[in-house]
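Open the model in your viewer and keep the selection panel at hand. The tour goes from strand pairs out to the whole chain.

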Amino acid sequence: MASISSVKPSLVNLSPLEFTQLSHPPLLIDVRSQLEYVTGHAPDAINLSLPRILMARISGIRNWILPQWFRELSKDKPIAVICLTSHRSPIAGDFLIKLGFAQVFNITGGMVEWQKLNLETVKSKL
């Protein structure tokens with residue numbers, strides 16, 4: 001029989017509003033393309049596209065594809081993922097759990113919902 005401590009982590013959904021109300025929000029990774037990201041993203045969100053995350057399973061190119069900040073993340077660090085409509089972010093979140101991250105959150109509704117709620121967004125330059 002499996003013990004309670006061997007329960008696998010699972011992706012936890014948070015609405016954009018729930019995320020912004022957290023006293024200690026997790027690191028927010030925007031898994032959209034760089035072009036989508038610069039047009040408007042959540043404050044403090046870091047861009048790392050879904051294709052780059054998925055390439056993390058290919059050990060020979062991992063160090064070329066993934067930025068150093070990501071490679072050095074502790075697997076215990078809480079992470080939240082967001083995309084445009086919450087289609088790509090659950091894929092990224094599930095994959096991050098497979099990579100060994102223990103606390104992964106999916107922002108439901110993505111940036112579309114974020115903007116509908118008139119939450120702060122930031123534009124960047126390419």
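Select strand 4 and strand 5 (residues 104-107): they pair in the parallel sense over three bridges. Pairing here requires at least two DSSP bridges between the strands. Helices (H or I, at least four residues) and strands (E, at least two) are DSSP runs, numbered from the N terminus. Zoom in on isoleucine 79, which stands opposite valine 104 in strand 5.

Now add helix 6 (residues 88-98). The chain runs from strand 4 through this helix to strand 5, a right-handed β-α-β crossover. Right-handed means that, with the strands pointing away from the viewer, the path from the first strand over the helix to the second runs clockwise.

This is a predicted model; local features need pLDDT of at least 70, side-chain atom pairs count only at pLDDT 80 or more, and totals for chains, interfaces and linings use all residues. Residues are numbered from 1 along each chain as its sequence is written, and side-chain values use heavy atoms, with hydrogens and water left out.

Next, select strand 2 (residues 27-30). Strand 2 pairs with strand 4 in the parallel sense, over four bridges. Isoleucine 29 stands opposite valine 81 in strand 4.

Which residues of strand 4 are buried on its two faces? Ile79 and Val81 are buried on one side, Ala80 and Ile82 on the other. Buried means under 20% relative accessible area (1.4 Å probe, protein chains only).

Zoom out. The protein chain has seven helices and five strands. Its C-alpha trace spans about 45 × 35 × 25 Å along the principal axes. Of its 126 residues, 38% count as buried.

Terms used:
Buried means under 20% relative accessible area, exposed over 50%, partly exposed in between (1.4 Å probe, protein chains only).
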